[in-house]
Amino acid sequence: MNYRIIGEPLPAVLCTLEQNETMITERGSMSWMTPNMKMETTTSGGLGKALGRMFAGDALFQNRYTAQGGPGEIAFAASFPGSIRAVEIRPGHEIIAQKSAFLASEAGVQLSVFFQKKLGAGLFGGEGFIMQRLSGRGVAFLEIDGHACEYTLAAGQSMIVDTGYLACMDASCSMEIVTVPGVKNALFGGEGLFNTVVRGPGRLVLQTMPISAVAGALRPFFPASSK
């Protein structure tokens, strides 16, 4: 499979597949494709894994697209202004991502649910109690809300992240929730009561325009609904 990412900040990834190569994606993510791409809807691992993906914010079913009779092309477009990041998944290099980050991948990538081990991280961290784990082997494409900013954290290094700005991280990283120091800072600083602390070692990808932040900024401009 070869690919190229086009069109930022309204991006799409164009994937060229050899005969019998397969891509998987969530329902509705395919934007266009050549006529020789065959679609098959599947639970991708059975009902248990399908329910796990649903709790992680993804669809119950996935679509598999296979090139038949020769090379084929298929495109997947992002659902929000930002960027698409290609990540190489392999044994020992798994990725933990925000809910709904998964766009598409090669058939060897497995998508499953990831539970935050610490209850506080799930309840107050903004990324949610449940995230996505990408494992297996192959290239996966993730949606990033806004611009992607990448850091490589050494063992013991950390980054404090505000709610919603964590896009993905290596599975070797860890997360915990800390309170904003000082009552005045917490109540009047406008940054909320909690922050997410990500610790290395591993790679960390942050996003500059979370959908939740955009929704909050636009909310005052929409009239209240009448009953």
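In this predicted model, Phe-141 is buried, with a relative accessibility of 0%. Its ring forms an aromatic pair with that of Tyr-3. The geometry is edge-to-face, with 5.0 Å centre to centre and 75° between the planes. The pair links distant parts of the chain, given that Tyr-3 belongs to strand 1 (residues 2-6) and Phe-141 to strand 13, with the two positions 138 residues apart in numbering. Tyr-3 has a relative accessible area of 39% and is therefore classed as partly exposed.

The count of aromatic pairs comes to two. In the other, Tyr-65 and Phe-76 are also arranged edge-to-face, at 6.5 Å centre to centre and with 70° between the planes. Tyr-65 is part of strand 6 (residues 62-67) and Phe-76 of strand 7 (residues 72-77), so this pair ties together parts eleven residues apart in sequence. Tyr-65 and Phe-76 are both buried.

The largest nonpolar core comprises 17 residues. Contacts with other members are most numerous for Ile-89, Ile-95, Leu-134, Ala-140, Leu-142, Cys-168 and Val-205. Two or more residues each are contributed by strand 8 (82-89), strand 9 (95-97), strand 11 (109-115), strand 13 (138-145) and strand 16 (166-170). Strand 13 provides the largest share, three residues. A second, separate core holds 14 residues, among them Leu-17, Ile-74, Ile-84 and Val-139. In soluble globular proteins, nonpolar side chains tend to be buried together.

Within the largest core, Ile-95 is one of the residues touching the most other members. Leaving aside residues up to four places away in sequence, the contacts of Ile-95 include Ile-89, Leu-134, Leu-142 and Cys-168. Gln-132, Arg-133, Met-169, Asp-170, Ala-171 and Arg-203 are also touched by Ile-95.

Note on methods
Residues numbered from 1 in each chain as written. Predicted model: local features only at pLDDT ≥ 70, side-chain atom pairs only at ≥ 80, totals over all residues. Heavy atoms only, no water. Core = buried A, V, L, I, M, F, W, Y, C linked by side-chain atoms within 4.5 Å. Buried < 20%, exposed > 50% of the residue type's maximum accessible area, 1.4 Å probe, protein only. Helix = DSSP H or I, 4+ residues; strand = E, 2+ residues; numbered from the N terminus. Contact = heavy atoms within 4.5 Å. Phe/Tyr/Trp six-rings, centres within 6.5 Å; stacked < 30°, edge-to-face > 60°.
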